[in-house]
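The following note addresses helix packing and pockets in the structure shown below. Its points are numbered for ease of reply.

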Amino acid sequence: MAESIRAGNIKLVLCFVLYLAWWIVGFNPKYPIRGIKSGWLLIPAAILGVLALPQIWRGLVFAGGPVPGIVLVIGGVAGYVVLLLITGVLLKRPVTTELLIIVLWTTVMLLELNTLVAIGSIPWELGWVLVVLCMACAIGSLVCYQLFYGLESTAAFVDGMVPLLLACAMTGLITVFAR
């Protein structure tokens, strides 16, 4: 199970690296490269992301955990709806796919940690530390998501990279500790 999660996470890390490369090339405030000249980076990023999820799922399907997986999935769906209402309706932020990606990533990472603790791949003490770090990454990403449209070009450019860097680092960290 841990092997499948690790292999899927490696694909996710590569997906994040390619997405970040696209962001750096396509949204550089001084020398943006638009269209297919930078957009082609999204194709392998999307393929890696799509290939990673079933591989991670195979590692999750047969394992239980301290928290029933369905509770985490329902929490992810409910969290998305609540955040959509808060950011989109209450705070008037344009809704983009990044919100869905942040919530999906957080839910998957929590499911992974739940499974890895259940199978003894990660000690429960370390599991709790990683859960706290994962939630801190999610909160940091949500803050960047909310701030993005109010920032000037260079600040928005940097702000847009932060969630990718956080997700990449956290996914990599979980991959390193999963044994």
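1. The contact between α3 and α5 joins L53, I56, G59 and L60 of the former to V108, L111, E112 and T115 of the latter. By class, the residues of this contact comprise five nonpolar, two polar and one charged. It should be borne in mind throughout that the model is a predicted one.

2. As to the geometry of this pair, the axes of α3 and α5 approach to within 10 Å and cross at roughly 35 degrees. The crossing of α3 past α5 is left-handed.

3. α3 also packs against α1. The axes of α1 and α3 come within 7 Å, with a crossing angle of roughly 160 degrees. Since angles over 145 degrees count as roughly antiparallel, α1 is roughly antiparallel to α3. This crossing of α1 and α3 is left-handed.

4. On the α1 side, the contact with α3 is made by S4, I5, A7, G8, N9, K11, L12, L14, C15, L18, Y19 and W22. On the α3 side, the contributors are L42, P44, A45, L48, G49, L51, A52, Q55, I56, R58, G59 and L60. The contact of α1 with α3 contains 16 nonpolar, six polar and two charged residues. I56, G59 and L60 of α3 appear in this contact and also in the contact with α5.

5. A further pair to examine is α6 with α7. Their axes come within 8 Å and cross at roughly 165 degrees; the two helices are therefore roughly antiparallel to each other. The crossing of α6 and α7 is left-handed.

6. From α6, the residues in this contact are L126, L130, L133, C134, C137, G140, S141, C144 and L147. They meet D159, V162, P163, L166, M170, L173 and F177 of α7. The class division for the contact of α6 with α7 is 13 nonpolar, two polar and one charged.

7. Turning to the pockets, how many residues line the largest pocket? Its lining consists of 34 residues, and Y19, E98, I101, I102 and L164 lie nearest its centre. The volume of the largest pocket is about 810 Å³. Y19 of α1 belongs to the contact with α3 as well.

8. Which helices each supply at least two residues of that lining? They are α1 (2-26), α3 (42-61), α5 (97-118), α6 (124-147) and α7 (153-177). α5 provides the largest share of the lining of the largest pocket, with seven residues. In terms of class, the lining of the largest pocket has 27 nonpolar, four polar and three charged residues.

9. The second largest pocket holds about 240 Å³ of space. Its lining is formed by P66, V67, L72, L110, L113, N114, V117, W124, G127, W128 and V131. Two or more residues of this lining come from each of α5 and α6.

10. Are charged residues present in or absent from the lining of the second largest pocket? They are absent: the lining of the second largest pocket has nine nonpolar and two polar residues, with no charged ones. For the largest pocket, by contrast, three charged residues are counted in the lining, and E98 is one of the residues nearest the centre.

Technical notes:
Residues numbered from 1 in each chain as written. Predicted model: local features only at pLDDT ≥ 70, side-chain atom pairs only at ≥ 80, totals over all residues. Heavy atoms only, no water. 1 Å grid on protein atoms, 1.4 Å probe; cavity = no way out; pocket = protein on both sides within 12 Å on 5 of 7 lines; lining within 4 Å. Points joined across faces, edges and corners; volume = space filled by probe spheres on them. Helix = DSSP H or I, 4+ residues; strand = E, 2+ residues; numbered from the N terminus. Nonpolar A, V, L, I, M, F, W, Y, C, P; charged D, E, K, R; others polar. Axes fitted to C-alpha atoms, helices over the stretch in contact; angles between N-to-C directions. Left-handed = near helix turned anticlockwise from the far one by under 90°. Contact = heavy atoms within 4.5 Å. Parallel < 35°, antiparallel > 145°, perpendicular 65-115°, else oblique.
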